[in-house]
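Hello! Here are my notes on the structure you are looking at, written as a few numbered points. Have the picture open and follow along at your own pace.

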Amino acid sequence: AGVAASETREGLQLAIAHRGASGYAPENTISAYRLAVSMNADYIEIDLQMTKDGELIAMHDDSVDRTTDGFGRTRNLTLARIKSLDAGSKFNAKHPSYANVEYVGETVPTLREIFDEFGDSTRYMLETKAPGDNPGLEEKLWALVRSRGLENRVAVQSFSKASLLRIRALDEDVPLYQLFWYSRRAAPLSKVTLADIATYADGVGANFSRIDEKYVRKVKKSGLLMLPYTVNTRSGMNRALAWGADGVHTDYPDRLKEAGRKE
Ligand code: G3P
Ligand code: CA
């Protein structure tokens with residue numbers, strides 16, 4: 001399978017391009033993914049939602065409001081409607097220093113289109129979003145991955161254990177990451193929780209700003225990989241790696257190298 005199974009588990013310093021190189025280009029668009037691939041990111045991270053007519057699309061929120069010029073919940077909109085929206089212009093307005101005319105009119109990509117564009121030239125960190133609202137997402141996702149022969153290029157992460165278990169039932173080998181989000185300083189995960197995670201997943205992702213070295217070391221001690229998100233400064237990257245993290249999710253994948261990454 002992908003990284004967790006086929007490469008050494010020690011000393012990884014994975015640059016996971018969070019929603020693509022989303023510091024520089026509109027999140028979850030082909031432009032952001034292209035940039036990430038050109039920066040040699042180890043993975044492009046893609047949030048997955050499902051349209052009313054059952055197509056998997058790259059979108060973080062369960063509505064199109066924040067990132068496009070449209071309104072409404074993704075599951076209430078057809079792919080044709082979503083494809084008519086501009087997913088680039090809001091980035092230009094918000095980030096004038098990185099604005100690019102080429103982003104204007106950029107569309108929301110389907111996972112199919114992303115696989116068409118990049119094939120096996122990159123790895124994909126796929127995040128199943130809102131599994132309760134998107135029934136059947138995991139089966140659709142895995143059928144598509146299989147039909148493209150990309151099983152070895154893919155990892156799946158989710159805040160939902162149920163969603164990860166559904167993926168695990170479909171494939172024994174695909175690397176899985178259990179995500180956590182903490183609103184305040186996180187206590188290290190208990191031995192029982194870590195042992196449970198290890199029964200179905202290969203690693204843990206958690207928000208970097210609320211964890212510390214103790215948290216990372218305990219995850220690592222249980223044999224799981226640790227991938228903090230979203231780490232955007234070079235000093236943050238250095239700190240996460242010094243704690244023993246196996247890489248970081250970042251909007252600026254090029255910065256991980258500059259932060260002293262091992263080659
Ligand atoms: O990469 C982990 C991270 O993507 C989870 O948070 O909200 O950015 O999807 P979010
Ligand atoms: Ca995500």
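1. Let's begin with the surroundings of ligand 1. Sorted by class, its shell has 2 nonpolar, 4 polar and 3 charged residues. The residues around ligand 1 are H18, E45, D47, H60, E127, L179, G205, Y229 and H249. Please keep in mind that this is a predicted model.

2. Now step back to the whole protein. Its secondary structure comes to 11 helices and 9 strands. The C-alpha trace spans about 50 × 40 × 35 Å along its principal axes. Why call the protein a compact globule? For 263 residues, such a globule would have a radius of gyration near 18 Å, and the protein has 18 Å, so the two agree.

3. How much of the chain is buried? Of the 263 residues, 48% are buried. Contacts also reach far along the sequence: among those between residues at least 6 apart, 60% join residues at least 24 apart.

4. Next, look at the nonpolar core. The largest one has 73 residues, and those with the most contacts inside it are I16, Y43, I44 and L227. Y43 is a nice one to follow on your screen. Leaving aside its neighbours within four places in sequence, Y43 is in contact with L14, I16, A17, R123, Y124, M125 and A155.

5. Helix α2 covers residues 30-38, and its buried residues are I30, S31, A32, Y33, L35 and A36. What do these buried residues pack against? Their partners are β1 (14-17), β2 (43-50) and α5 (111-118). After α2 comes N40, which has a positive phi, near 65°. You can link this to the previous point: Y43, one of the core residues with the most contacts, falls within the β2 range of 43-50.

6. Helix α7 is a good place to practise looking down an axis. In this helix, residues 161-170, the buried positions are S163, L164, R166 and I167. Seen down the axis of α7, these buried residues fall within an arc of 155°, so they line one face of the helix. Which exposed residues does the face turned away from the buried side carry? They are A162 and A169.

7. Finally, what covers the buried residues of α7? The cover includes the strands β4 (124-128), β5 (154-158) and β6 (176-180), along with the helices α6 (137-147) and α8 (191-200). Try finding each of these around α7 in the structure, and then turn the view to find A162 and A169 on the face away from the buried side.

Terms used: Residues numbered from 1 in each chain as written. Chains lettered and ligands numbered in written order. Predicted model: local features only at pLDDT ≥ 70, side-chain atom pairs only at ≥ 80, totals over all residues. Core = buried A, V, L, I, M, F, W, Y, C linked by C-beta atoms within 7 Å. Buried ≥ 20, exposed ≤ 12 C-beta atoms within 10 Å, placed from the backbone. Contact = placed C-beta atoms within 7 Å. Helix = DSSP H or I, 4+ residues; strand = E, 2+ residues; numbered from the N terminus. Arc of directions from axis to C-beta. Near = placed C-beta within 6 Å. Nonpolar A, V, L, I, M, F, W, Y, C, P; charged D, E, K, R; others polar. Rg over C-alpha atoms; globule rule 2.2 N^0.38 Å.
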